[in-house]
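Subject: Structure handover

Hello,

Here is the structure I said I would pass on. Please look it over before reading my notes, which come after it.

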Amino acid sequence: MKKLDFIKYCFVSLFLLLSGLNAYANDGYKLWLQYRLIEDEGLRESYRSNIQELVPLGDSKTIEIAFHELQVGLKGMLGQEYLSVNSGSIKNSLVFGRKENLPQTIIGFFDKAYHQINEEGFIIRSITVNGKKQFVITGKTDVGVLYGVHHFLRLLQTNQAIGKLNIVDSPKLKVRVLNHWDNLDRTVERGYSGGSIWDWHRLPDFIDQRYIDYARANASIGINGIVLTNVNANALILTPQYIEKVKALADVFRPYGIKVYLTARFSAPMEIGGLKTADPLDAGVISWWKGKAAQIHAEIPDFGGFLVKANSEGQPGPQNYGRNHVDGANMLADAVAPFGGIVMWRAFVYAENSSDDRAKEAYSEFVPYDGQFKDNVLVQVKNGPIDFQPREPFHPMFGAMPKTPLMIEFQITQEYLGCSTHSVFLSTLFEEVLESDTYRKGKGSTVAKVIDGSLSNKKLTGMAGVSNIGTDRNWTGNVFLQANWYSFGRLAWNPYMKSADIADEWIRATFSNDKAFVQPVKAFMLQSREATVNYMTPLGLHHIMAPGHHYGPGPWVDIFERAEWNSVYFHKADTLGVGFDRSTTGSNAVGQYAPEVARMFNDINTCPEEYLLWFHHVPWDYKLKNGESLWNGMALKYQEGVDTVEAMVKTWNGLEGYVDSQRFNEMKMLLDIQYKEAKWWRDSCLLYFQRFSKMELPEGVEKPTRTLEYFQSLEFPFAPGHH
């Protein structure tokens, strides 16, 4: 072969290799912003003729970002460059900019709509001016415009008709934050997707491209705040050396509409301030925190404020000094108030000494303080009264503190749901909680109405999600779990969205618009969480995971001196039955709910069966609504969970032709692991509980092939995400 031919051959081979990689390799890094070429040629041509040029109005960094996003998105989906910007042209154009930057010729089309949106809202409208068709994306702020641009691109990604658009939309919650449980050494508590994405050692001077891509992904779903550090806080983050690093991140995030927040370790005045006390009523302590807030604000003018975990799981707090949560939260609230900052004070507490029922503690500690917190304090309440279980009833604090703004805290990372190996679409869990009726102001007083402020007329509102993001190339350790980050953002924007719609959007943006792919994947997404509940904790069982790492089953755990660190505390299995009696004859946790809800949970005949063992100690031969005994019904639920995962495996294996090989194979392997582990859960739990029920497994439940002793002997000293 001649030298020239050989060079040509190499180039052609390289080109074919690269184009082949492009077609089949997709590591998931682009999340739901894939912007694939629209396959339907007619639709693609229709979009092209409707959008012939881009007209950005305004010169802020945010508008620049919006312009770039449109260029990238439209080039990917429509296959053509959008470089020209010429508002005087006769072409159909897409105009985007905030209210004061719109030309007089079109501002009149939007007068009424501007009254319907808030500072972060947007309007997307198709109008005709001088015979020219124009799409206009506008809002009161540039960040609102950016949100509108992402919404518009999502319409194209999901192949929607755009001929006659008239969209007026605003976020229903003000504070929409990810809580990163990231430590300064780059470990992540309850993290299952690699290390922390914050490279503190190389900040502030090294800005990883990943920070920018992360901000972009969050802006695309309306997340507007990031708590950078673990709630089990390290005071070092508040030192000048680290504030400089935080500033570098804040500067990256600002044009995307994202504020940074920090976790405040309550004992910081002693640890880094040289004080002898951290008493919130001490003048020196008050002055120290005011100075610290001013110091941070001087570097980061839009600093969001503090998230605090105090007097819980050994963390220091105001109770160390004989003070209460109000004293601690209000002292910090006063420190950040001059700069428009807020304090998110976590209600996840359980006392140093075990109480009769851990589920009652947060309510007992916080509800008496209703109305005593400052206006810039949000009390952050987990979705359920225990701890991010596969299923819990809604937290009784929702609706019980009408004078206090409450924000809900969900866990996006799957601490108790199989880590990142199990594919669980958590949107259905979030939706179930948000739709729960507290009855605090009569029927229809849903949790969503509590947190969006409409139930008790609250201005400060919010939702927090414990992040599942790490350094893995696909961000979440499992491509499927990107959907949980996505659905959190969508529900924080609008807590009334339906999981089916969110799943539909995510599948189309992430994988394919082909119905033959979308429908089966959506079906398995929507049943995945119920499957997990069934093979882990059916009928209201809870907290029976292995201790420490919470990976895998451990209903037998009974080794800790603190009662509520043991699984047996939560299920109370004995020869008579199983379940925690929280009725009026037991711990009376039902008494923390509104009377209508309390009556329903209290009566074994009206208690929904999915919460049966949460609220009642139930005899093994109790008859369930389907006519089965409790033992048979429980065993059949475990089997049903396994069968659903088996069906998920089969569904996915039949879809190979619709998705790139890399993501297809990764999902295939992870689903196989989930199927294996679902059987592990079923077998070990049924063998354990059978020791008490002394009943045979019913027809239709597979017999375990290992002994209980084998399952009890398993150890996982290096399971990820350790506490």
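What follows is a summary of the overall build, the two sheets and one pair of helices.

Please bear in mind that this is a predicted model.

Overall build

The secondary structure of the protein consists of 23 helices and 15 strands. Its radius of gyration is 27 Å, close to the 27 Å that the globule rule gives for 723 residues, so the protein is as compact as a globular protein of that length. Along the principal axes, the C-alpha atoms fill a box of roughly 80 × 70 × 60 Å.

The open sheet

Five strands make up an open sheet with mixed pairing, and their order is S1-S2-S4-S3-S5. The edges are taken by S1 (53–56) and S5 (166–169); each has a single partner strand, so one side of each is left without a neighbour in the sheet. From one strand to the next, the twist averages 20°.

At the S1 edge, the partner is S2 (residues 93–96), and the two strands pair in the parallel sense over four bridges. Within this pairing, Val55 is opposite Val95 in S2. Helix H3 (residues 61–78) lies across both S1 and S2 and runs at about 170° to S1. With angles over 145 degrees counted as roughly antiparallel, H3 is therefore roughly antiparallel to S1.

The barrel

Eight strands close into a barrel with parallel pairing, in the order S6-S7-S8-S9-S10-S11-S12-S13. Neighbouring strands here are turned by 25° against each other on average, with direction ignored. One of the pairs is S10 (residues 342–346) with S11 (residues 377–382), which is parallel and has four bridges. Met344 has Leu378 in S11 as its bridge partner.

In general, the strands of a sheet pair through backbone hydrogen bonds, either parallel or antiparallel.

The H15 and H16 pair

Helix H15 (residues 482–493) and helix H16 (residues 499–510) have axes that come within 10 Å and cross at roughly 130°. The two helices are therefore oblique to each other, and their crossing is right-handed.

On the H15 side, the contact is made by Gln482, Ala483, Tyr486, Ser487, Arg490 and Leu491; on the H16 side, by Ile502, Glu505, Trp506 and Thr510. By type, the residues of this contact divide into five nonpolar, three polar and two charged. The charged ones are Arg490 in H15 and Glu505 in H16.

Regards

Conventions. Residues are numbered from 1 along each chain as its sequence is written. This is a predicted model: local features need pLDDT of at least 70, side-chain atom pairs count only at pLDDT 80 or more; totals for chains, interfaces and linings use all residues. Side-chain values use heavy atoms; hydrogens and water are left out. Two strands pair if DSSP finds at least two bridges between them. Axes are lines fitted to C-alpha atoms, for helices over the stretch in contact, and angles run from 0 to 180 degrees between N-to-C directions. Contact means heavy atoms within 4.5 Å. Angles under 35 degrees count as roughly parallel, over 145 as roughly antiparallel, 65 to 115 as roughly perpendicular and the rest as oblique. A crossing is left-handed if the near helix is turned anticlockwise from the far one by less than a right angle, and right-handed if clockwise. The radius of gyration is taken over C-alpha atoms; the globule rule is 2.2 Å times the number of residues to the power 0.38.
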